[in-house]
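Dear colleague,

I am handing over the structure below, and I hope you will have it open while you read the notes that follow it.

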Amino acid sequence: MTAENSDIPVAPRKAHLVTHHGLTIEDPYAWLRDPGYPRVTNPEVLSYLNAENAYFEAAMRPHKKLIDTLFAEMKGRVKDNDATVPQKDGAFVYWTAFEPGAEYRKWYRRPAEGGADAVILDEPKLAEGHPYFRLGGCTVSPDGRLITYAVDTNGSERFVLKVRDLETGADLPDVIEGWRYSLVWAADSKSFLYTDADENWRSKTAWHHRLGDPQSADQALYREPDEKFGVSISRSQSRAFAVISTGDHSTTEVRLLPLQDFGARPVLVSPRKTDRQYDVDEREGTLFIRVNDTHPNFRVVTAPVSKPGDWTELIAGSDRHYIRSITSFQNHLVIEERIDGLSQIRLRDYGNSAERYVAFPESSFVAGLGSNPEYRIDTLRIGYESMVTPSTVYNYHIGQARLETLKVREIPSGYDASQYSTERLMAPARDGTLIPVSVVYRKDFVKDGSRPLHIGGYGAYGYAVPPGFSTNRLSLMDRGFACAIAHIRGGDDLGYRWYLDGKLTKRTNTFNDFVDVTRFLIAQHFSSPGRVTAAGGSAGGELMGAIVNQAPELYGAIAAHVPFVDVLNTMLDGTLPLTPGEWTEWGNPIEDKAAFELIRSYSPYDNVTAQAYPPMLVTAGLSDPRVTYWEPAKWVAKLRATKTDKNLLLLKTNMGAGHGGKSGRYVALEEAAEEYAFLIEHVRAEMPV
């Protein structure tokens, strides 16, 4: 796979030296960061990015037939007029649906007691005229008359929030600029709390907005003084309190504010303690608190609302039971957890403490609560899937302990689960730790080392890549691939300790685990060196950068999406949007020389060496506030100047999108098809018969 009749872009090297802890680092591609960011107007920077995009187009042009075929396959697995299962919330039933051919959905409701369907939000109409569109969220007021909705049209994640009258369909004069993700209505539907992004893209304040007032009149109910902490707002399941949470990646603190009185002073549940995380729900005057103070896998305690710091243990911490969330419905406490790494849902009665687990039909699966907005429940909405079972929506009838299937994802082009097999294996890491691996393949896959293997992973922030279903993945398996998920340390797949064992001073476990999983699967004859492809995005893109520095010979092709590869320089810059809050994840190299040296030892950009690298496809988003565009651009520029091979290296920058790439359900498939074509061509996967 080569780019024909095109020039390979070459980024000039420019002298740039920085010194920290007595060590001087050369960064010849630092100029790719436009000093006016988040506006990018520097002609030289734009010229380079556009040249890379032109090179990408030239390289992929000969493979357009395969890309189009893959896109058609992926699109054929999407139900054109798909809809969610309706769910009751108060006086109405709500759901969303796509019209045939639409990139975006419409939001509907109808009276719960019967009546006509009504569109309450029309995403396709809101998206008209915008090459990028993302709905950040929408929330209906308690009286059902108003809806807030937030729109991002460039991928910067700085949303504009508006309020619409659902009876007239007209927007009110209220406009919130820079809204960011959190909103809770007051009980009387006359005001709401929200968070915004400041000039550094950090949410530091819980604001109170009264309908009819300009944003400039909004009151700050809580301001977070610590630059490392961010603020978010949610609502208790009882709808009695707004929950104002502040924290970083290791420490949290929670305050409660009654929805009946936003003029009250927020009540602190418990003062922050370093490395202690807790979250809170409320039922009938009792707080239910999930906290990791005595065990890394969390325990559950209770406290009176009147004495929120007076804790009584309800459920002890456990090595096997990793408590991931609690929801205190009026008649049942519901606990989402993992037992030995497997999703489970536990129901506990308040009166007699009797417990039960929801029984699921497979031995390996992913399950979790779906939309359950009401306080009292007789049925529990649950989402379920496995590596071979498409996403399924259940109602769990509590009184009968029975699952009712409401919807199984329909695959219009056809899917036969009996043609595929899945395994859960344990791969030994170099330090002796056993790493879980989920593998799926067609039943006619032969484990003789000749077939291609695709591995995905993430390994950061305690996010566990679920062993779930993927319709896109079928395009690889039907071309002879086995597909694997490496459940490496840094995620919380086997509990919170699994996460701790892949962060800060133990960060390199994540990269080593992935390489060791690859070698294990090769030893099990799933593939052979050079026939393995791998992909990851964001922190998973950092993972890709680390593994190709460590063991490039294992991989036949790599896809790194918006990769966090310039780790050291980013963590050294406290003015960047996310950096202060990230120091608890990666370490603070500004103040800590040991952290500086450790990050420098694995940061992909800093460890590019004169060796052969596999073919790589790298993506970036010009408006990306999470992984700034210059990180992948600098990395690619340095790789081009340093690597010793002639393998294809491509950089594609979305000039009008952010961290998630293109928006729209079908447009996003175009990028997936490009990625798969790149991987398939480089390992010469067999085409379907």
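A good place to begin is alanine 560, whose bridge partner in β36 is valine 618. Please keep in mind throughout that this is a predicted model.

The strands on either side of that bridge are β35 (residues 555-561) and β36 (residues 616-621), which pair in the parallel sense over four bridges. Both belong to an open sheet of eight strands, in which the order is β30-β31-β33-β32-β34-β35-β36-β37 and the pairing is mixed. At the edges of this sheet are β30 (420-428) and β37 (649-654), each of which pairs on one side only. From one strand to the next, the twist averages 15°.

Helices lie across this sheet, and two of them are worth finding in the model. One is α7, which lies across β34, β35 and β36 and runs at about 140° to β34. Another is α1, which lies across β36 and β37 and runs at about 120° to β37.

The helix α1 also packs against helix α11 (residues 630-642), at an angle of about 70° and with the two axes 12 Å apart. Angles of 65 to 115 degrees count as roughly perpendicular, and α1 is therefore roughly perpendicular to α11. The crossing of these two helices is left-handed. On the α1 side the residues that meet α11 are Tyr48, Leu49, Glu52 and Tyr55, while Ala633, Val636, Ala637 and Arg640 meet them from α11.

Turning to the interior, the largest nonpolar core has 77 residues, and those that touch the most other members are Phe514, Leu521, Ile547 and Trp635. Helix α6 (residues 508-523) gives this core its largest share, which is seven residues. If residues up to four places away in sequence are set aside, leucine 521 touches Leu425, Val437, Val439, Leu453, Ile455, Ala484, Phe526 and Ser527. There is also a second, separate core of 37 residues, and among its members are Ala59, Val78, Ile411 and Ala677.

Elsewhere in the chain, four strands form another open sheet, in the order β14-β15-β16-β17 and with antiparallel pairing. Its edge strands, β14 and β17 (267-268), each pair on one side only. Between β14 and β15, which run antiparallel, there are six bridges, and valine 231 stands opposite threonine 246 in β15.

Finally, some details of the backbone deserve a closer look. Most residues other than glycine have a negative phi, and most peptide bonds are trans. Against that background, which peptide bond is cis, with omega near 20°? The bond in question runs from tyrosine 37 to proline 38, and proline 38 is found in the loop between β2 (23-26) and α1 (43-60).

Arginine 239, which is not a glycine, has a positive phi near 65°; this residue lies in the loop between β14 (230-235) and β15 (241-247), and with a relative accessible area of 30% it is partly exposed. Serine 538 likewise has a positive phi, of about 60°, although it is not a glycine. Serine 538 sits in the loop between β34 (532-537) and α7 (539-550), and at 15% relative accessibility it counts as buried, because the limit for that term is under 20%.

With best wishes

Terms used
Residues numbered from 1 in each chain as written. Predicted model: local features only at pLDDT ≥ 70, side-chain atom pairs only at ≥ 80, totals over all residues. Heavy atoms only, no water. Buried < 20%, exposed > 50% of the residue type's maximum accessible area, 1.4 Å probe, protein only. Core = buried A, V, L, I, M, F, W, Y, C linked by side-chain atoms within 4.5 Å. Contact = heavy atoms within 4.5 Å. Pairing = 2+ DSSP bridges. Axes fitted to C-alpha atoms, helices over the stretch in contact; angles between N-to-C directions. Parallel < 35°, antiparallel > 145°, perpendicular 65-115°, else oblique. Left-handed = near helix turned anticlockwise from the far one by under 90°.
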